Amino acid sequence: MRSFDFAPLHRATIGFDQIADLMDRALSTDVAQPSYPPYNIEKTAADAYRISIAVAGFSEEDLSVEVKENALVVSAKKSDDDSDRTYLHRGIATRAFERRFTLADHVRVTGASHSDGMLHIDLHREVPEALKPRRIEIASTKTPKLDAKPVN
């Protein structure tokens, strides 16, 4: 994979460092991206999203959902209550994990729920009034008519 240098972008722009950092993360050569646990990201409405994470074997007490500096951090740690069990086959992974999602500006977490082995996290994009499109009225530039009187 080709490596890109974003130093010229940092030197020539002001206020776009978040974009450069995002591109840097997306194009990084770190192939050790975790694949556990599997998850889906869906768009549920024009400004609403849902992240669904398969967390079979974890209870609500084992899960943690936090927002830190525009990043959603979902982590889990299973309590050690299996010490008295003897498994012949253990195919359900309940190992600890931490999954990070970078949130765009104005995206807020509105809630989380856990049911049927799935953790659902609802997000909503709240566009501030200052950033919404607005219509600008055009003022009339017609000059007022003057009462014309003949000059004698």
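**Close-up views of a predicted model**

**View 1. Val73 and Arg100 face each other across two strands.** Arg100 in β5 is the bridge partner of Val73. The model shown in this and every other view is predicted. Strand β4 covers residues 71-76, and six bridges join β4 to β5. The two strands run antiparallel. Val74 also has a bridge partner in β5, namely Arg99.

**View 2. The whole chain, for orientation.** The protein chain holds two helices and seven strands. Read from the N terminus, the order of elements is α-α-β-β-β-β-β-β-β. The chain has 152 residues, of which 19% are buried. About 12,600 Å² of the protein chain is exposed, and carbon and sulfur atoms account for 52% of that area. Take the contacts between residues at least 6 apart in sequence: 51% of them join residues at least 24 apart.

**View 3. Strands β3, β4 and β5 form an open sheet.** The strand order is β3-β4-β5, and the pairing is antiparallel. β3 and β5 each have a single partner strand, so each has one side without a neighbour in the sheet. On average, neighbouring strands here are turned by 15° against each other, direction ignored.

**View 4. Strand β5 has a buried face and a face that is not buried.** In a regular strand the side chains alternate between the two faces of the sheet. Strand β5, residues 97-102, shows this alternation. Which side chains of β5 point to one face and are buried? They are Phe97, Arg99 and Phe101. Glu98, Arg100 and Thr102 point to the other face and are not buried.

**View 5. Strands β1, β2, β7 and β6 form an open sheet.** The four strands are ordered β1-β2-β7-β6 and pair antiparallel. The edge strands are β1 (39-45) and β6 (107-115), and each pairs on one side only. Neighbouring strands of this sheet are turned by 20° against each other on average, direction ignored. Seven bridges join β2 to β7, and these two strands run antiparallel.

**View 6. The largest nonpolar core draws on several strands.** This core has 16 residues. Which of them touch the most other members? Ile53, Val74 and Phe97 do. At least two core residues come from each of β2 (48-54), β4, β5 and β7 (118-125).

**View 7. Val74 and its contacts.** The list that follows leaves aside neighbours within four places in sequence. Val74 is in contact with Ile53, Ser64 and Val65, among others. Further contacts of Val74 include Phe97, Glu98, Arg99 and Phe101. Leu119 and Ile121 are also among the residues that Val74 contacts. One of these residues, Arg99, is the bridge partner of Val74 in β5.

**View 8. His120 pairs with Ser52.** His120 lies in strand β7. Ser52 stands opposite His120. The side chains of the two residues are joined by a polar contact of 2.8 Å. Is His120 buried or exposed? His120 counts as buried because its relative accessibility is 16%, under the 20% limit for burial. Leaving aside neighbours within four places in sequence, His120 is in contact with Arg50, Ile51 and Ser52, among others. Gly111, Ala112, Ser113 and Ser115 are also among its contacts.

**View 9. Asp62 is a buried loop residue.** Asp62 sits in the loop between β2 and β3 (63-68). Why does Asp62 count as buried? Its relative accessibility is 12%, and buried means under 20%. Not counting residues up to four places away in sequence, Asp62 touches Gly57, Ser75, Ala76, Lys77, Lys78 and Ser79.

**View 10. Ala96 is an exposed loop residue.** Ala96 sits in the loop between β4 and β5. Its relative accessible area is 54%. Ala96 is therefore exposed, since the limit is over 50%. Not counting residues up to four places away in sequence, Ala96 touches Ala76 and Lys77. Asp62 also touches Ala76 and Lys77, among other residues. Ala96 and Asp62 are 34 residues apart along the chain, and 9.3 Å separates their C-alpha atoms.

How values were computed:
Residues are numbered from 1 along each chain as its sequence is written. This is a predicted model: local features need pLDDT of at least 70, side-chain atom pairs count only at pLDDT 80 or more; totals for chains, interfaces and linings use all residues. Side-chain values use heavy atoms; hydrogens and water are left out. Buried means under 20% relative accessible area, exposed over 50%, partly exposed in between (1.4 Å probe, protein chains only). Two strands pair if DSSP finds at least two bridges between them. Contact means heavy atoms within 4.5 Å. Accessible areas come from the Shrake-Rupley method with a 1.4 Å probe; for residues, only the protein chains shown count as cover. A nonpolar core is a set of buried Ala, Val, Leu, Ile, Met, Phe, Trp, Tyr and Cys residues joined through side-chain atoms within 4.5 Å. Axes are lines fitted to C-alpha atoms, for helices over the stretch in contact, and angles run from 0 to 180 degrees between N-to-C directions. A polar contact is a pair of N or O atoms within 3.5 Å; within protein, one must be able to donate a hydrogen and the other to accept it, and residues adjacent in sequence count only if both atoms are side-chain atoms.
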